[in-house]
Every structure is written in structure tokens, then in C-alpha cells.
Amino acid sequence: EQRQSSGINAEYGGSHRDNVKVALDAVQSKLKPLNQSISILKDEEHEMKDQAKKAQNDIKTMIERVMKAIKAREQHLLNTVEQMKAASVSQLEAKREELTVAMQSTQAGCDFVANLLSDGSDVDI
């Protein structure tokens, strides 16, 4: 009986062992595609991070260019206003100088007439 039972165990054990081996092989055969998928996902993650970094750098570069252009435009406008102010001030100074000379000339004429009236004879006037 014992032989029979050990034969059954060997038969059963061999069959069970074979079933476990088949199941193990099936699971292991699924691991390779999973490892490949994990590798692909890692590559895609790395590529996505690289693309995001490039986009961030592109944005920074574009903003720097825009800011540089804005600063250049600001400086141009400030220079233009300064030149216009200088030209206007120069014109106003020239007019003021002209009016000052005309006023001094008129004042000198008025002073001369006032002196004549107070000190001059009827013939002088």
C-alpha cells in the first residue's frame, strides 16, 4: 500500500510540479512585456520632462527678448521726449531772450523820454 501511495504521490507530485512549473513559466513570460512597458514609460517620462524643460527655457528666452525690446522702446521714447523738451526749451529761451532785449530797448526809450520830460527844454521834447 505504501508503494501505491508513494506512487500516487509521485504521480500526483509530478503532475502538480508540472502544473506549478507551467504556471510559473506563464507568469514569467508576462514579466518580460511588463518590464518592456515599464522601460517605455520611463523613457516617455524622461522625454516629457525634457520637453517641459525646453518649453520653460523657450518661454524664459522669449520673455527676455520681449523685455529687452520693451526696455529699448522705453529708452527710445524717453530720449525722444528729452530731445523734444530740449528743443522746446531752446525755442522758449530764444524767445525770452528776444523779448528781454526788446523790453530793455523799450525801457531805455521810456527812460530817455522820461528824462527829457523832466529835464529837457521844450525844444528838446
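Which residues make a nonpolar surface patch of about 540 Å²? The patch is made by Ile59, Met62, Ile63, Val66, Met67 and Ile70. The model is predicted, and the protein has 1 helix and 0 strands. Helix H1 spans residues 2–119, and buried residues make up 0% of the 125 residues.

**Confidence**
- The average pLDDT of the protein is 90, and 89% of the residues reach at least 70.
- Residues 1–10 have a pLDDT under 50, and for this stretch the model has 2 contacts beyond four places in sequence.

**Surface**
- The protein has an accessible surface of about 11,600 Å², and carbon and sulfur atoms account for 59% of that area.
- Ile70, one of the residues of the nonpolar patch, lies in helix H1.
- Ile70 counts as partly exposed because its relative accessibility is 48%, and the range for that class runs from 20% to 50%.

**Salt bridges**
- Side chains of opposite charge can pair when their charged atoms come close.
- The protein has 5 salt bridges, among them the three pairs described below.

**Lysine 21 and aspartate 25**
- These two residues form a salt bridge in which the closest N and O atoms are 3.2 Å apart.
- Lysine 21 and aspartate 25 are 4 residues apart in helix H1, so about one helical turn separates them.
- Aspartate 25 is partly exposed, at 34% relative accessibility.
- Lysine 21 is also partly exposed, with a relative accessible area of 48%.

**Glutamate 45 and lysine 49**
- A salt bridge joins glutamate 45 to lysine 49, with 3.2 Å between the closest N and O atoms.
- Both residues lie in helix H1, at a spacing of 4 residues, or about one turn of the helix.
- Glutamate 45 has a relative accessible area of 42% and is therefore partly exposed.
- Lysine 49, with 48%, is likewise partly exposed.

**Glutamate 82 and lysine 85**
- The side chains of glutamate 82 and lysine 85 form a salt bridge, with an N to O distance of 3.2 Å.
- Glutamate 82 and lysine 85 are 3 residues apart in helix H1, which means that about one helical turn lies between them.
- Glutamate 82 is partly exposed, at 43% relative accessibility.
- Lysine 85 is partly exposed as well, with a relative accessible area of 46%.

Definitions and conventions. Residues are numbered from 1 along each chain as its sequence is written. This is a predicted model: local features need pLDDT of at least 70, side-chain atom pairs count only at pLDDT 80 or more; totals for chains, interfaces and linings use all residues. Side-chain values use heavy atoms; hydrogens and water are left out. Patches are made of residues with over 30% relative accessible area and no salt bridge: like charges are joined within 9 Å, nonpolar side chains (Val, Leu, Ile, Met, Phe, Trp, Tyr) within 5 Å. Accessible areas come from the Shrake-Rupley method with a 1.4 Å probe; for residues, only the protein chains shown count as cover. A salt bridge is a side-chain nitrogen of Lys or Arg within 4 Å of a carboxyl oxygen of Asp or Glu. Helices (H or I, at least four residues) and strands (E, at least two) are DSSP runs, numbered from the N terminus. Buried means under 20% relative accessible area, exposed over 50%, partly exposed in between (1.4 Å probe, protein chains only). pLDDT is the predictor's confidence in each residue, from 0 to 100. Contact means heavy atoms within 4.5 Å.
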